[in-house]
Amino acid sequence: MHKTHFSWVKTIVFTLALSEAALIFIGLQFIPYGRGHNDPPVKAEPTWDSPKTRELFVRACGDCHSNGTVWPWYGYIAPISWLIQYDIDKSRVAFNVSEWGRGKSNSRNAAETVRSGLMPPTRYTILHPSARLSASEKQAFIQGLVATFDSKHESEQKGEQRDD
């Protein structure tokens, strides 16, 4: 009898804990951060050295470093949506090709960041396998980033984008 009572109490406690967790999860869905997903318009882009460099950038970096984010289905579920929104907000501030010529850009670091393997981040490529670059694509991408963002080329682009 004692063993049966203990089992019954465990079942009730587990059910209550699971119910509380479900209520908290449902409540989190009402917090609006990370759910708006209204990307700002593209103001200007850099003059890419080639269409291939742009294609590789969009594929591996564009969701976070442009205003053309493709939001995944899980990007609408809190608290995952919060992490995604935070990462995108932070990434756009650091480097955003959709607002080219507006403010400071970390474009000179782009090639080195890709070369070092810091970008795209592993946690992104796990969920976005198309963002993984083969060795030859990575090399071509790095060369394209250098050609696109070298200081002479960048200063010419900033001179062209003075219509704000």
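**Entry 1. Second largest pocket.** I began with the second largest pocket of this predicted model, which holds about 150 Å³ of space. I listed 13 lining residues for this pocket, and R54, V58, G62, S66 and G68 are the closest to its centre. I then sorted the lining of the second largest pocket by class and noted 6 nonpolar, 4 polar and 3 charged residues.

**Entry 2. Largest pocket.** I turned next to the largest pocket, for which I recorded about 750 Å³ of space. Its lining comprises 35 residues, and I noted C64, H65, S91, M119 and P121 as those nearest the centre. By class, I found 23 nonpolar, 8 polar and 4 charged residues in the lining of the largest pocket.

I also asked which helix gives the largest share of this lining. That helix is α3, with 8 residues. I noted that α3 spans 80–94, and that at least two lining residues come from each of α2 (51–60), α3, α4 (110–115), α5 (122–127) and α6 (135–149).

**Entry 3. Nonpolar cores.** I looked up the largest nonpolar core and recorded 17 residues in it. Within this core, W48, F57, F95, F141, L145 and F149 have the most contacts. I traced the elements behind this core and found that α2, α4 and α6 give two or more residues to it. The largest share of the core is that of α6, at 4 residues. Another core lies apart from the largest one; I counted 5 residues there, including C64, W71, Y74 and I84. As background I noted that nonpolar side chains in soluble globular proteins tend to be buried together.

**Entry 4. Cysteines.** I searched for disulfides and recorded 0 in the structure. For C61, I found no disulfide, the nearest cysteine sulfur being that of C64, 8.8 Å away. Because a disulfide requires cysteine sulfur atoms within 2.5 Å, I did not assign one at 8.8 Å.

I then asked whether C61 is buried or exposed. C61 has a relative accessible area of 9% and is therefore buried, since the cut-off for that class is under 20%. For C64, I likewise found no disulfide, with the sulfur of C61 as the nearest cysteine sulfur, 8.8 Å away. C64 is buried because its relative accessible area is 17%, which is under the 20% cut-off.

**Entry 5. C64 across the entries.** I closed by collecting what I had noted on C64. This residue is among those nearest the centre of the largest pocket, and C64 also belongs to the core of 5 residues.

Terms used:
Residues numbered from 1 in each chain as written. Predicted model: local features only at pLDDT ≥ 70, side-chain atom pairs only at ≥ 80, totals over all residues. Heavy atoms only, no water. 1 Å grid on protein atoms, 1.4 Å probe; cavity = no way out; pocket = protein on both sides within 12 Å on 5 of 7 lines; lining within 4 Å. Points joined across faces, edges and corners; volume = space filled by probe spheres on them. Nonpolar A, V, L, I, M, F, W, Y, C, P; charged D, E, K, R; others polar. Core = buried A, V, L, I, M, F, W, Y, C linked by side-chain atoms within 4.5 Å. Buried < 20%, exposed > 50% of the residue type's maximum accessible area, 1.4 Å probe, protein only.
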